[in-house]
Amino acid sequence: MVWNLTFASGEGHIVKRRITTTLAVGAVATLALSGAPAVADNGGHQHHGSGELETVFDGLNGPRGVDALGHGRTLVTETDGTFSLILEPHKRWHHWRGARHGSAPRKIVLGQVPTNFAPAIAAGRHGTIWLLTGGASPDEPAADNGATLFKWKAGWAAPVAFADIAAYQESDPDPYDLEDLPADSNPFGLAALRDGSVLVADAAGNDLLHVSKSGDIETVARLKPREVVTPEGLPGAGTPATAEAVATSVTVGSDGAWYIGELRGYPATPGTSEIWRVRPGTTDALCDPEKPWGACQRYADGLTSIVDLGAGRHGIYAVTLSKLSWLAVESPTPPPGADIGGLFLVSGGHGHGHHRHGHGHGHGARITELVPDQLHLPGGVDVAGDPYVVGPVFGPGALAKID
């Protein structure tokens, strides 16, 4: 079992589950058959669209979590729960033991959390590193240390469990759940705040949580389902369907606001993933596609299968697992291009756009794809001057940056 999230249609209802080993093997096989490399088309520099894609470090296994610290230092996570520091060459390193000048990038393994799907990662204050593991499949017993926020510092023997996200969600069920699993939890996205607290996006709970410095948890915002049009090739094609939001990601913008990214549940209609904006300190807000204003405002619309967000001075960066949608990836016979994801720069959104079926962008938002068609099942993005991306989330992968 690979600890990811996915949604599938059932007998007239929607069933939550995780991507199975079959999907993981199939996704890797798709890449192998297409000759697609980990990140860049030829593992080097590529001029294509906006920016240039450069592989920073190759040889990672299913990388997903990424936190760019600046000055050539980047945290990454891998499938086995390992978290490491990647050091780019020709930089002077401070604060990190054992780092030195070099002509090639170096990987320093820092530790490991118990999971078999790469956790989310974020660097906090005073050398703290936060790690977030996802939840168990609802049809299987909960795994030890699943749906848990971990804390680690240099010199610690291992990360320490800090907050039980699953336990909180049991006491705070999703009132808009469509799958008879209102207390399900699969925390997926993570952002560290300057005051020492953290934000957690829960993909099964469809909400954004705030975890205080003392470990107390409260709900920042809930994401309501959305009416979409069922895509061609699926039962009921062309007819309306209600799909859950699936909150996969969170970042803090240069304006200090908190931004939430969503995947979109079954039928995974392309162009229906939104980005939401809430003010710091917000609690119990409602992100409503029918009324996308108020305490939670729609920042952008028209994206597909968002799995991570990052923030830079130019705007919000959104990584999409597949431009055809996650459902195309999961298909027994994935269509050509199903493994091609994307990195998009989103800027200027005002949060007031209203598109009932998700076609088009949020009011005022400008969405630009960077390095088009060069990312294969990307898992994460962060920004430190340049945007850094990792992927694919299954099999051999790499850390890359866009100059």
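1. Long-range contacts come first. In this predicted model, residues 24 or more positions apart account for 57% of the contacts in the chain with a separation of 6 or more. The chain holds 403 residues, of which 59% count as buried. Its exposed area is about 15600 Å², and carbon and sulfur atoms supply 52% of that area.

2. Secondary structure. The chain has three helices and 30 strands. The points below take up two open sheets, the C-terminal strand pairings and the disulfide. As general background, strands of a sheet pair through backbone hydrogen bonds, in either a parallel or an antiparallel manner.

3. Sheet β5 to β8. Four strands make an open sheet in the order β5-β6-β7-β8, and their pairing is antiparallel. Which strands stand at the edges? They are β5 (66-70) and β8 (106-112); each has a single partner strand, so one side of each is left without a neighbour in the sheet. From one strand to the next, the twist averages 20°.

4. Inside that sheet. Strand β6 covers residues 73-77 and strand β7 covers residues 82-87; five bridges pair them in the antiparallel sense. To check the register, take V76: its bridge partner in β7 is S84.

5. Sheet β9 to β12. Another open sheet of four strands has the order β9-β10-β11-β12, again with antiparallel pairing. Its edge strands, β9 (120-123) and β12 (160-164), each pair on one side only. Neighbouring strands of this sheet are turned by 25° against each other on average, direction ignored.

6. Inside the β9 to β12 sheet. Strand β10 (residues 129-132) runs antiparallel to strand β11 (residues 148-152), and four bridges join them. For the register here, L131 can be used: F150 in β11 stands opposite L131.

7. Strand β30, burial. How far is strand β30 enclosed by the rest of the structure? The strand spans residues 396-402, and six of its seven residues are buried, so β30 is largely enclosed. The cut-off behind this is a relative accessible area under 20%.

8. Strand β30, pairing with β4. Strand β4 (residues 52-61) pairs with β30 in the antiparallel sense over seven bridges. One of the residue pairs links N61 to P396, its bridge partner in β30. This pairing joins β30, at residues 396-402, to a strand at residues 52-61.

9. Strand β30, pairing with β29. Strand β29 (residues 386-391) also runs antiparallel to β30, and four bridges join the two. In this pairing, Y388 stands opposite K401 in β30. The two strands form a hairpin with four residues between them. What is the sign of phi at G395 in the turn, positive or negative? For G395 phi is positive, at about 75°.

10. Disulfide. How many disulfides does a search of the whole structure find? The search finds one. Such a link is a covalent bond between the sulfur atoms of two cysteines. Here the cysteines are C287 and C296, with their sulfur atoms 2.0 Å apart. The link is right-handed, with 95° about the S-S bond. Are C287 and C296 buried or exposed? Both C287 and C296 are buried.

Methods
Residues are numbered from 1 along each chain as its sequence is written. This is a predicted model: local features need pLDDT of at least 70, side-chain atom pairs count only at pLDDT 80 or more; totals for chains, interfaces and linings use all residues. Side-chain values use heavy atoms; hydrogens and water are left out. Buried means under 20% relative accessible area, exposed over 50%, partly exposed in between (1.4 Å probe, protein chains only). Contact means heavy atoms within 4.5 Å. Accessible areas come from the Shrake-Rupley method with a 1.4 Å probe; for residues, only the protein chains shown count as cover. Two strands pair if DSSP finds at least two bridges between them. Axes are lines fitted to C-alpha atoms, for helices over the stretch in contact, and angles run from 0 to 180 degrees between N-to-C directions. A disulfide is a pair of cysteine sulfur atoms within 2.5 Å.
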